[in-house]
Amino acid sequence: EDWLGAARDWAVVRGLPGVPAALKAASAYHLGVCKANTKEAEAAAKLFDEAARGDGPEAVAAAVRLADLHLRADDK
């Protein structure tokens, strides 16, 4: 549960030159999870939005997490 350390690692992956689009989208999802767990909802939402436009299981999970963030924001 080292969310800050994991966020640093995922940010490094995203910044590597030549990262395939699928890995970039997957890393956006995982970085979004880190941001959500460190209470950075706005940053998490942007990352989940990016990931949701990709393919694969992370895209579906990102769409669900993004919807959850919006629902929680509407409850406030």
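This section describes the helices and the nonpolar core of a predicted model.

Helix α2 covers residues 21-37. Its 17 residues should span 24 Å at 1.5 Å a residue, and the C-alpha atoms at its ends lie 24 Å apart, so expected and computed lengths agree. Many positions of α2 are buried: Ala25, Ala26, Ser27, Ala28 and Tyr29 form one run. Leu31, Gly32, Val33, Cys34 and Ala36 are buried as well. Just beyond the helix, Lys39 adopts a positive phi of about 65 degrees.

The largest nonpolar core contains 15 residues. Within this core, the most contacts belong to Tyr29, Ala44, Phe48, Ala51, Ala62 and Leu69. Three helices, α2, α3 (41-52) and α4 (57-75), each contribute at least two core residues. The greatest share comes from α2, which supplies 6 residues. Tyr29 is thus named twice, among the buried residues of α2 and among the core residues with the most contacts.

Ala51 illustrates the packing. Leaving aside residues up to four places away in sequence, Ala51 touches Ala25, Ala28 and Tyr29. Ala51 also touches Ala59 and Ala62. Of these partners, Ala25, Ala28 and Tyr29 are buried residues of α2. Ala62, like Ala51, is listed with the core residues that have the most contacts.

Helix α1 spans residues 3-15 and includes Asp9. Asp9 has a relative accessible area of 52%; the cut-off for exposure is over 50%, so Asp9 counts as exposed. Leu31 of α2, in contrast, is buried. The C-alpha atoms of Asp9 and Leu31 are 8.7 Å apart, although 22 residues separate the pair along the chain.

How values were computed:
Residues numbered from 1 in each chain as written. Predicted model: local features only at pLDDT ≥ 70, side-chain atom pairs only at ≥ 80, totals over all residues. Heavy atoms only, no water. Helix = DSSP H or I, 4+ residues; strand = E, 2+ residues; numbered from the N terminus. Expected span 1.5 Å × (residues − 1). Buried < 20%, exposed > 50% of the residue type's maximum accessible area, 1.4 Å probe, protein only. Core = buried A, V, L, I, M, F, W, Y, C linked by side-chain atoms within 4.5 Å. Contact = heavy atoms within 4.5 Å.
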